[in-house]
Amino acid sequence: MVLEAYERTALGDSFAASAGAFNSRNYRSESGRPWTAVMVRDLVRRRDNGDPYVTGLWKAQPGEPAVAVPAIVPVELAARARAIVVARSASTPDRKSVV
């Protein structure tokens, strides 16, 4: 689902469309809530140095040593998706509605 969020964003799908696709398959967020456009956007816009999906380094808490995990999002894909997030955030207000 994480990789799909990056792929859909890089292809130009809206955050709302991605959230709707996840909800239609009954995917839930880490908190157990339905996905929203803002949640998808926030997932994709993490920075490279803090995104374990891209770096393969997971920190449970700041200041703790990182634990190696599989990096599931290629750096190039993350960069393309984040460029779209930045472009959209410059022109679109946040939407918090559930899709």
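What share of the contacts in the protein chain with a separation of 6 or more comes from residues 24 or more positions apart? The figure is 54%. Keep that in mind as we walk through this predicted model.

**Stop 1: the whole chain**

Start with everything selected and colour by secondary structure. You should find five helices and two strands, arranged along the sequence as α-α-α-α-β-β-α. Now switch on a surface. The accessible surface comes to about 6,000 Å², and carbon and sulfur atoms own 56% of that area. Of the 99 residues in the chain, 33% count as buried.

**Stop 2: helices H1 and H5**

Next, select residues 2-10, which form H1, together with residues 75-89, which form H5. Their axes come within 8 Å and cross at roughly 60°. An angle from 65 to 115 degrees would count as roughly perpendicular, whereas H1 and H5 are oblique to each other. If you turn the view to look through one helix at the other, the crossing of H1 and H5 is left-handed.

Show the side chains here. On the H1 side, pick Leu3, Tyr6, Glu7, Thr9 and Ala10. The H5 residues they meet are Leu77, Ala78, Arg80, Ala81, Arg82, Ile84, Val85 and Arg88. Colouring this contact of H1 with H5 by class gives eight nonpolar residues, one polar and four charged.

**Stop 3: helices H1 and H3**

Keep H1 on screen and add residues 37-44, which are helix H3. What angle do H1 and H3 pack at? It is about 95°, with the axes 10 Å apart. H1 and H3 are therefore roughly perpendicular to each other.

For the contact itself, select Val2, Ala5, Tyr6 and Thr9 of H1 along with Val40, Leu43 and Val44 of H3. By class, the contact of H1 with H3 has six nonpolar residues and one polar, with no charged ones. Tyr6 and Thr9 are worth a label: both take part in the contact with H3, and both also appear in the list for H5.

**Stop 4: Met39**

Stay in H3 and centre the view on Met39, which is found in that helix. Is Met39 buried or exposed? Its relative accessibility is 17%, so Met39 counts as buried, the cut-off being under 20%.

Now display what surrounds this residue. Setting aside neighbours within four places in sequence, Met39 is in contact with Ser29, Arg33 and Pro34. To finish, draw a distance between the C-alpha atoms of Met39 and Ala19: these two residues are 20 apart along the chain, and your viewer should report 8.0 Å.

Notes: Residues numbered from 1 in each chain as written. Predicted model: local features only at pLDDT ≥ 70, side-chain atom pairs only at ≥ 80, totals over all residues. Heavy atoms only, no water. Axes fitted to C-alpha atoms, helices over the stretch in contact; angles between N-to-C directions. Helix = DSSP H or I, 4+ residues; strand = E, 2+ residues; numbered from the N terminus. Parallel < 35°, antiparallel > 145°, perpendicular 65-115°, else oblique. Left-handed = near helix turned anticlockwise from the far one by under 90°. Contact = heavy atoms within 4.5 Å. Nonpolar A, V, L, I, M, F, W, Y, C, P; charged D, E, K, R; others polar. Buried < 20%, exposed > 50% of the residue type's maximum accessible area, 1.4 Å probe, protein only. Areas by Shrake-Rupley, 256 points an atom, 1.4 Å probe, with all protein chains shown as cover.
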